[in-house]
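Trainee: I am opening this structure for the very first time. Please show it to me and walk me through it step by step.

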Amino acid sequence: MSLLVVGSVAFDALESPYGKVDRALGGAATYFAVAASFFTHVNLVGIVGDDFTEIDAQIFRGRTIDVEGLERTTGKTFFWSGVYSENLNERTTLVTDLNVFADFKPKLPEKYRSSKYVFLANIAPDLQRDVLKQVKGTPKLVALDTMNYWIERTNSELRETLRHVDILVINDSETRQLSSEHNLLRAAKHIFKMGPSTLVVKRGEYGAMMVDKRGVFCVPAFPLEEPHDPTGAGDSFAGGFMGYLASAGKANDLALRRAMVYGSVMGSFAVEKFGLDRLRALKKPEITARARHFYKMTQFTL
Ligand code: AMP
């Protein structure tokens, strides 16, 4: 089943205790699409400027990613810059330049309009809604990610978009900011009133937690001795999560639990190297092996 994603395609400048890069290909939709493409066909919607080269575009080639919906225009590609704390747990945004995204009016290619699985990756909530409106009929599953940048600047637009969303996939600090609740279970109750019926909270090195009306399901993060760059871990998590669900063609409890594991698997690969370097070189058998590792790591008897 094909999976539609809209979100940033970007150049990032990153600094972590492990090093520094001035121009790494990134963006929420880029990480998401690459991670999800290991599981299913992905239709990508976004925009890049004329600084986006053929070499940059190669990240999408040779994968099941359709880029007909990736518009090219004159101007600069979205630029983001961030710096990580010593333990990699905290991140400070230094620069967010929307550039070509500021005036982007997406027009979905006809073949994208029948997508049944939709991921509204991190970008302006109005833009997320605009893309969702162009999908024909009712998709099977709509999930959304967002960030403090949008929660602070476009709160009412975000609330409007959330009314049309089934699963909210965000990190712990954003969950608290959006709900004004410190406790994540209480936060989930608030968020359910906004529209989504499932909340997936990404908690960095502490793994991820899913809350829905059936209860709570948690997965750990894969313990790594040397994580290098957490950028894109959340988007790669979402790519594994939604990619698995689209490939399974269902979203019952069992499928959602497996999706959480595949999300955590993909997030763990993303942080192993800078930018997209690890995902770029990843092979499907490595994903299967790591999922088995998760199984062993979490099995116990009562
Ligand atoms: P993550 O580490 O998974 O939260 O996502 C990191 C990616 O999000 C980076 O590659 C950035 O280019 C992108 N990004 C950062 N800020 C924003 C924003 N305000 N809107 C959309 N994408 C963003």
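Mentor: Two strands pair if DSSP finds at least two bridges between them, and strands (E, at least two residues) and helices (H or I, at least four residues) are DSSP runs numbered from the N terminus. The model is predicted: local features need pLDDT of at least 70 and side-chain atom pairs pLDDT 80 or more, while totals for chains, interfaces and linings use all residues. Residues are numbered from 1 along each chain as its sequence is written, and side-chain values use heavy atoms, without hydrogens and water.

Trainee: Let me start with L3, then. Which residue in strand 9 stands opposite L3?

Mentor: Strand 1 (residues 3-6) runs parallel to strand 9 (residues 117-120), and four bridges join the two. Look across from L3 into strand 9, and you will find Y117.

Trainee: And which residue in strand 4 is opposite L3?

Mentor: Strand 1 is also joined by four bridges to strand 4 (residues 42-48), and these two run parallel as well. In strand 4, the residue opposite L3 is V42.

Trainee: Which residues of strand 1 point the other way from L3 and V5?

Mentor: In a regular strand, side chains alternate between the two faces of the sheet. All four residues named for strand 1 are buried, meaning under 20% relative accessible area, where exposed is over 50% and partly exposed lies in between (1.4 Å probe, protein chains only). L3 and V5 point one way, and the other way point L4 and V6.

Trainee: Now the open sheet. Which are its edge strands?

Mentor: Four strands make up this open sheet, in the order 3-2-7-8, with mixed pairing. An edge strand here pairs on one side only, and the two that do are strand 3 (19-26) and strand 8 (91-97).

Trainee: What is the bridge partner of W80 in strand 8?

Mentor: Strands of a sheet pair through backbone hydrogen bonds, either parallel or antiparallel. Strand 7 and strand 8 run antiparallel and are joined by six bridges. In strand 8, W80 is partnered by T96.

Trainee: Let me turn to loops. Is L88 buried or exposed?

Mentor: L88 sits in the loop between strand 7 and strand 8. Its phi is positive, near 70°, in a residue other than glycine. Because its relative accessibility is 12%, L88 counts as buried.

Trainee: And S180, buried or exposed?

Mentor: Find S180 in the loop between helix 6 (172-179) and helix 7 (184-194). S180 is not a glycine, yet it has a positive phi of about 55°. With a relative accessible area of 67%, S180 is therefore exposed.

Trainee: On to the ligand. How much of its area does the protein bury?

Mentor: Residues around the ligand have a heavy atom within 4 Å of it; there are 19, and those that come nearest are D12, G27, R91, G232 and D235. Nitrogen atoms of the ligand lie 2.8 Å from a side-chain N or O atom of S8 and 2.9 Å from one of W150, while a backbone N or O atom of G234 is 3.2 Å from a ligand oxygen. Taken alone, the ligand exposes 510 Å² (Shrake-Rupley, 1.4 Å probe). Of that, the protein buries 95%.

Trainee: Which element gives the largest share of the shell around the ligand?

Mentor: Elements giving two or more residues to the shell are strand 2 (10-16), strand 7 (78-84), helix 4 (148-153) and helix 8 (233-248). The largest share is three residues, and it comes from helix 8.

Key
A polar contact is a pair of N or O atoms within 3.5 Å; within protein, one must be able to donate a hydrogen and the other to accept it, and residues adjacent in sequence count only if both atoms are side-chain atoms.
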